[in-house]
Amino acid sequence: MPTDTLIMIPGALLSAAVLPGTFELAMLTLGGAMPPRKTVAGSGTAPIRFCIVIPAHDEAEGIEACLRGIQGAEVGLHTVTVVVVADNCGDDTAARAEAAGARVLVRDDPERRGKGYALDHAFSILLKEDHEVFVVVDADTRVEANFLTELAARFQAGADAVQARYCVSNPEQSIRARLMHVAWLAFNVLRPRGREYWGWSAGILGSGFGLHRRTLESVPFDAGSIAEDLEYHIRLVQAGKRVRFCDGTTVWSPVPATGAVASSQRARWEGGRFRMMREQIPPLVRQVAGGHWPLLEPLLDLLLLPLAFHMILLALLLAWPWGPGRILAASGMAVVGLHVAAALAVGRAGWRDWAALATAPFYIVWKLTLGKRMLSSASREAAWVRTERTKSDDSA
């Protein structure tokens, strides 16, 4: 085989691996940086009957603070029922939630552990009642005062599902938490803004999202993987639904500040995403090839690796002695740089966030050390594990 061919084949394979993700990243960066399109006001003004569902697994330490934040939010003329799902708990989460004024559903099923199972259990009970919109908030989440009124405006305009901004509450606790804050501004703010701008479904981010009753009735929440939000969102798009992005309100959760806990959480999240890639990419390719074009964006999203791994592939392609590949790699790196800069801009980041980017190479090396844990989390047997928090995490 000629030498040129031996050089070209690896370069072409690497190019094929990074091209879909680079295109996806470029489109989301461009759309996310644009001014939001004006939302057409709906005719509905009737008050909404909200049901806030909080899945909780051993969250006794933080459940009261979460409930206080929700109970202190503005509700306008709308009515709100708060339900905590105490799922396979070994502590007194249920008792503390009830004492704090929430309705509690207790679920004990060690064979089916996971947030998706907890939500499916709750919805199977609550859909028999007269709630109109179901809002999911994690037990460690804090909501902005206008959270419910902003979501209400979207549902009154006819939305099937709505996702709020989802940001880090404790970026000041460590450099690692600061970098997670930057990553969430890209993943949970800029990218949903971009999808909203282009008319695509914004995605579900795990906390701070609402589902209309008609959505849950037509697409039951039976996603059981540890990436249940990603799994359910794909089902929504397959069913012709669209999640709208609400850029006017925010929910916050703390991220682990210490290395060991952060490693465990990150390995679970990205392992769950790798499992979704393995299970969902083949059927999505077939459906897109069959003309189901709304699924193209979820497919491109899955083909985009986490940024650290995407950058590693781009670096390998840049180093490979093949001209076309080097041009693509340089372009891809420029897109990543613009993506991060746009995320910091729309997230109104401070100088500490910009300065934290200097440590990004160490963050990439750290991500590489998580490979074995990610593979374990990508298995079907991976279970819902509460993220352990340090004292400083809890105080955020």
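1. In this predicted model, strands β1 and β2 pair in the parallel sense over 8 bridges, and within that pairing P55 stands opposite V85 in β2. Between the two strands the chain passes through helix α2, and the β-α-β crossover made in this way is right-handed.

2. On its other pairing, strand β1 (residues 49-56) runs parallel to strand β4 (residues 133-136), with 4 bridges between them. Two of the bridge partners can be found by eye: F50 is matched with V133 in β4, and C51 is matched with F134 in β4. Helix α2 (residues 63-71) packs on the sheet, where α2 touches β1, β2 (79-87) and β5, and the direction of α2 makes about 165° with that of β1.

3. How many strands form the sheet, and in what order do they lie? There are 8 strands in an open sheet, in the order β3-β2-β1-β4-β7-β6-β8-β5, and the pairing is mixed. The edges are held by β3 (103-107) and β5 (142-143), each of which has a single partner strand, so one side of each is left without a neighbour in the sheet.

4. Strand β1 is mostly covered, since 7 of its 8 residues are buried. As an example to follow in the structure, take V53, which lies in strand β1 and is buried with a relative accessible area of 0%. Which residues surround V53, once its neighbours within four places in sequence are left aside? V53 is in contact with V83, V85, L119, A122, F123, L126, F134, V135, V136 and V137. A separate distance can also be checked: A118 is 65 residues from V53 along the chain, and the C-alpha atoms of the two are separated by 10.0 Å.

5. Helix α5 (residues 147-156) has F147, L148, L151, A152, R154 and F155 as buried residues. Why do these residues line one face of the helix? Viewed down the axis of α5, the buried residues fall within an arc of 160°, so they line one face. As background, an α-helix has 3.6 residues a turn, so residues three or four places apart point the same way.

6. Helix α5 also packs on the sheet, touching β1, β2, β4, β5, β6 (161-168), β7 (209-212) and β8 (243-253), and the direction of α5 makes about 170° with that of β8. Just after α5 comes G158, which takes a positive phi of about 105°.

Terms used:
Residues are numbered from 1 along each chain as its sequence is written. This is a predicted model: local features need pLDDT of at least 70, side-chain atom pairs count only at pLDDT 80 or more; totals for chains, interfaces and linings use all residues. Side-chain values use heavy atoms; hydrogens and water are left out. Buried means under 20% relative accessible area, exposed over 50%, partly exposed in between (1.4 Å probe, protein chains only). The arc is that of the directions from the helix axis to the C-beta atoms. Two strands pair if DSSP finds at least two bridges between them. Contact means heavy atoms within 4.5 Å. Axes are lines fitted to C-alpha atoms, for helices over the stretch in contact, and angles run from 0 to 180 degrees between N-to-C directions. A crossover is right-handed if, with the strands pointing away from the viewer, the path from the first strand over the helix to the second runs clockwise.
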